Structures are given as C-alpha cells and as structure tokens.
Amino acid sequence: MLLPAEAVAATVLIEVVRISALPAERGVPYPGRVVAHWAGSEVADALALVQNLPGSEQHRCGFSPGWSIRAYEDALDLALFEAAFCFRCHEVRMHGTAVPPALATQFFDADAPPAQALLALFRAAPPGRGRPRPGGARRLFK
C-alpha cells in the first residue's frame with residue numbers, strides 16, 4: 001500500500017481508533033474511541049506493516065471500517081493523515097494534510113500476513129491505554 005512518503009518520515013505518534021460510525025462528510029476524522037498511542041519503534045513497525053499490505057481488488061460490503069490510524073508529526077496538532085481500514089471489502093480510505101488525491105482510496109489483501117498482523121495489533125490495543133489529547137478530534141484536520 002502506498003503512503004505519503006514525507007508523512008511516513010515525519011510521523012512520531014500514531015493514534016489507533018476503534019471506529020464507531022462513518023463520518024458525516026468526507027475528509028473529517030472517523031468517530032470512535034482512541035484505544036492506543038504508538039510511538040518510537042511501534043510507529044515504524046506499524047507503518048512498515050501498512051506499507052507492506054499487498055494490493056487487492058475491491059470487494060463489496062459498503063465500506064464499514066473498524067479501525068483507523070492517525071499519524072502525527074512532532075507538533076502533535078494536525079494529523080498528517082488518517083487511514084481507515086475495512087477488512088471486509090479490503091479498502092483503505094485516507095485523508096489529511098499530507099494525502100494526495102491519488103492515494104485517498106486503495107485496496108489491500110485483508111488475508112495476507114501483513115494485514116493479519118496489523119489487525120492483530122489493532123485488537124491487542126489494551127482498553128483504556130489510549131487517552132484523548134488536549135483539543136481532541138476538533139484539531140485533527142483543517
């Protein structure tokens with residue numbers, strides 16, 4: 001899967017979100033509970049898994065993502081990107097300050113080992129580990 005290269009290089013923190021609904025409009029954060037914050041080697045490992053997701057064809061389910069990641073640089077004010085993953089239709093939708101339109105919608109093989117490893121990381125996020133940052137979702141995107 002393709003990620004914005006400059007954003008990957010600048011990412012120092014990832015928020016893992018358990019999505020509860022689709023956003024009211026495209027380009028706004030996916031609603032849900034932040035269940036984990038990943039930093040340091042966790043960021044590098046997670047982004048490597050995402051970048052190693054093999055491509056796939058679209059499967060039809062209506063796009064019902066269960067998880068998203070929000071990537072932040074040092075300033076921690078605006079998300080560089082958010083990627084929402086639907087493991088049923090094999091679709092990823094990305095948006096944010098660093099996402100060009102060509103990368104906004106991609107398809108991945110949800111049964112491939114990197115996808116299953118990423119899903120296992122999402123599911124292993126300990127409940128309550130993620131804490132909202134000051135400003136919350138209001139400050140994620142311009």
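How much area does the protein expose, and what share of it do carbon and sulfur atoms supply? In this predicted model, the protein exposes about 7,200 Å², and carbon and sulfur atoms supply 54% of that area. Of the 142 residues in the protein, buried residues make up 47%. Among the contacts with a separation of 6 or more, 63% are accounted for by residues 24 or more positions apart.

The secondary structure consists of three helices and six strands, and reading along the sequence gives the pattern α-β-β-α-β-β-β-β-α. A useful place to enter this arrangement is strand β1, which spans residues 13–19 and is mostly covered, with six of its seven residues buried. Strand β1 pairs in the antiparallel sense with strand β2, residues 32–39, over seven bridges, and within that pairing W38 of β2 is the bridge partner of I14. Strand β1 also runs antiparallel to β3, to which it is joined by six bridges, and here L13 stands opposite Y72 of β3.

The aromatic residues provide a second route through the model. A search of the whole structure finds six aromatic pairs, one of which is formed by W67 and F122, a stacked pair with 5.3 Å from centre to centre and 20° between the planes. Because W67 lies in strand β3 and F122 in helix α3 (residues 113–124), this pair ties together parts that are 55 residues apart in sequence. Both W67 and F122 are buried, and both belong to one aromatic cluster that also includes W38, F85, F87 and F108. W38 thus appears in two settings, as a member of this cluster and as the bridge partner of I14. The ring of W67 has a further neighbour in R18, which lies over its face at 4.4 Å from the ring centre.

A comparable arrangement of arginine and ring involves R93, which lies over the face of F63 at 3.9 Å from the ring centre. The side chain of R93 is also joined to the side chain of E91 by a polar contact of 2.7 Å. Is E91 itself buried or exposed? E91, which is found in strand β5, has a relative accessible area of 5%, and it is therefore counted as buried, since the cut-off is under 20%. Leaving aside residues up to four places away in sequence, E91 touches Q58, F63, A84, F85, C86, T105, Q106, F107 and F108. This list includes F63, the residue whose face R93 covers, as well as F85 and F108, which are members of the aromatic cluster.

Two loop residues deserve a closer look for their backbone angles. Most residues other than glycine have a negative phi, whereas L76 has a positive value near 60° and H90 a positive value near 65°. L76 is placed in the loop between β3 (67–72) and β4 (79–86), while H90 is placed in the loop between β4 and β5 (91–95). Their surroundings can be compared through accessibility: L76 is partly exposed, with a relative accessible area of 30%, but H90, at 8% relative accessibility, counts as buried.

Methods: Residues are numbered from 1 along each chain as its sequence is written. This is a predicted model: local features need pLDDT of at least 70, side-chain atom pairs count only at pLDDT 80 or more; totals for chains, interfaces and linings use all residues. Side-chain values use heavy atoms; hydrogens and water are left out. Helices (H or I, at least four residues) and strands (E, at least two) are DSSP runs, numbered from the N terminus. Buried means under 20% relative accessible area, exposed over 50%, partly exposed in between (1.4 Å probe, protein chains only). Contact means heavy atoms within 4.5 Å. Accessible areas come from the Shrake-Rupley method with a 1.4 Å probe; for residues, only the protein chains shown count as cover. A polar contact is a pair of N or O atoms within 3.5 Å; within protein, one must be able to donate a hydrogen and the other to accept it, and residues adjacent in sequence count only if both atoms are side-chain atoms. Rings of Phe, Tyr and Trp (its six-membered ring) pair if their centres lie within 6.5 Å; planes under 30 degrees apart count as stacked, over 60 as edge-to-face and the rest as tilted. A charge sits over a ring if NZ of Lys or CZ of Arg is within 6 Å of the ring centre and within 35 degrees of the ring normal. Two strands pair if DSSP finds at least two bridges between them.
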